[in-house]
Amino acid sequence: MRLGEMTTVEAAEAVTGSPVVIIPAGAFEQHGPGMPLATDQIRAEAVVDRVVTALGGRAVIGPALPVGVSPHHLAFTGTVSLTSTTFAALVREYADNLHRHGWRKVLVVTGHGGNNATLTTVAQDLLTTHPDLQFAWTPVTALAAEVIAGMRVGEVHGHSGEAETAQMLFLAPHLVHQDRLAAGARSRADLGPLAGLALRGSPPTLTVRYDRLSENGVLGDPRRATSEDGAAIVDAVVRRIVAFVEEWLTT
């Protein structure tokens with residue numbers, strides 16, 4: 001059920017019949033030489049579609065957030081980024097309007113990790129401005145960490161690597177240029193001193209541009225990805241989110 005496909009009469013009925021609004025959020029950024037700029041949004045929307053279907057009408061899909069916080073990818077052609085301030089304002093105004101019409105549970109599903117910090121900030125702010133609104137958010141890929149641990153991933157992996165490519169091979173294979181897939185940094189030996197410090201995996205956290213991490217914008221080896229791995233990742237993510245929403249609906 002998509003809120004955007006409803007009339008205002010149907011939307012009013014959905015406030016009580018479908019008390020959770022789920023918003024897919026992504027990014028418009030480089031995903032290496034083989035995947036589309038909208039990869040994060042495509043994955044988020046596909047997950048949200050499956051979650052709402054599994055919930056059987058108890059949730060609706062809200063307006064999408066297809067452009068995210070991606071300044072770290074701006075060295076790569078085609079990337080379009082919002083500042084964290086702009087992205088936060090959009091999320092707050094979406095939440096405020098949904099709240100105005102009666103919804104009290106809003107969940108953002110983000111396919112882009114660069115949105116995470118801003119979503120955390122918005123959630124904190126809403127505790128003050130909208131104390132009766134329950135605002136939640138979740139990443140996509142991180143929910144399937146156990147599945148990814150069982151895949152053939154390199155010592156260094158992540159953006160446009162094995163896990164993201166596997167999801168796209170499952171969800172939108174026609175948009176993946178498999179002949180152009182190319183490995184990026186796969187091991188710590190492939191990283192320069194600054195990149196190694198930024199990707200050390202523990203605090204303190206250093207944020208750097210992706211062109212300083214990988215020449216082609218890829219971390220890992222997308223050539224190892226399979227559609228079967230993608231299906232397993234998506235299934236695990238959907239199950240985790242559905243379980244959360246089902247429990248949320250009882251609170």
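## Backbone exceptions in two loops

In which loop does proline 204 lie? In this predicted model, proline 204 belongs to the loop between helix 7 and helix 8, and the peptide bond that leads to proline 204 from proline 203 is cis, with omega near -5°.

A second backbone feature falls in the loop between helix 5 and helix 6, where serine 160 is found. The phi of serine 160 is near 65°, which is a positive value in a residue other than glycine. As background to both cases, most residues other than glycine have a negative phi, and most peptide bonds are trans.

## Helix 2 against helix 8

Two packed helices are described by the angle between their axes and the distance between the axes. For helix 2 and helix 8, the latter spanning residues 227-248, the packing angle is about 50° and the axes are 9 Å apart. Angles that are neither under 35 degrees, nor over 145, nor from 65 to 115 count as oblique, and helix 2 and helix 8 are therefore oblique to each other. Helix 2 passes helix 8 in a right-handed crossing.

On the side of helix 2, the contact is made by Val47, Arg50, Val51 and Ala54, which meet Val234, Val237, Val238, Ile241 and Val242 of helix 8. Sorted by class, this contact of helix 2 with helix 8 comprises 8 nonpolar residues, no polar residues and 1 charged residue.

## Helix 3 against helix 4

Helix 3, residues 84-100, and helix 4 have axes that come within 10 Å and cross at roughly 45°; helix 3 and helix 4 are therefore oblique to each other, and their crossing is right-handed.

From helix 3, the residues Ser84, Phe87, Ala88, Val91, Arg92 and Ala95 take part, and they meet Thr118, Leu119, Thr121, Val122, Asp125 and Leu126 in helix 4. The contact of helix 3 with helix 4 divides into 7 nonpolar, 3 polar and 2 charged residues.

## The largest pocket

The largest pocket has a volume of about 1,200 Å³. Its lining is formed by 44 residues, and those that lie nearest the centre of the pocket are His72, Gly113, Gly114, Asn116 and Tyr210. Two or more residues of the lining come from each of helix 2 (39-54), helix 4 (116-129), helix 5 (145-149), helix 6 (162-171) and helix 7 (193-198).

By class, the lining of the largest pocket is made up of 19 nonpolar, 19 polar and 6 charged residues. Helix 2 and helix 4, which are among the elements giving two or more residues to this lining, also take part in the packing described above, helix 2 with helix 8 and helix 4 with helix 3.

How values were computed. Residues are numbered from 1 along each chain as its sequence is written. This is a predicted model: local features need pLDDT of at least 70, side-chain atom pairs count only at pLDDT 80 or more; totals for chains, interfaces and linings use all residues. Side-chain values use heavy atoms; hydrogens and water are left out. On a 1 Å grid over the protein atoms alone, a cavity is a set of points where a 1.4 Å probe fits but cannot get out, and a pocket is an open set with protein on both sides within 12 Å along at least five of seven lines; lining residues have an atom within 4 Å of a point. Grid points are joined across faces, edges and corners, and a volume is the space filled by probe spheres set on the points. Helices (H or I, at least four residues) and strands (E, at least two) are DSSP runs, numbered from the N terminus. Ala, Val, Leu, Ile, Met, Phe, Trp, Tyr, Cys and Pro count as nonpolar, Asp, Glu, Lys and Arg as charged, and the others, Gly among them, as polar. Axes are lines fitted to C-alpha atoms, for helices over the stretch in contact, and angles run from 0 to 180 degrees between N-to-C directions. A crossing is left-handed if the near helix is turned anticlockwise from the far one by less than a right angle, and right-handed if clockwise. Contact means heavy atoms within 4.5 Å.
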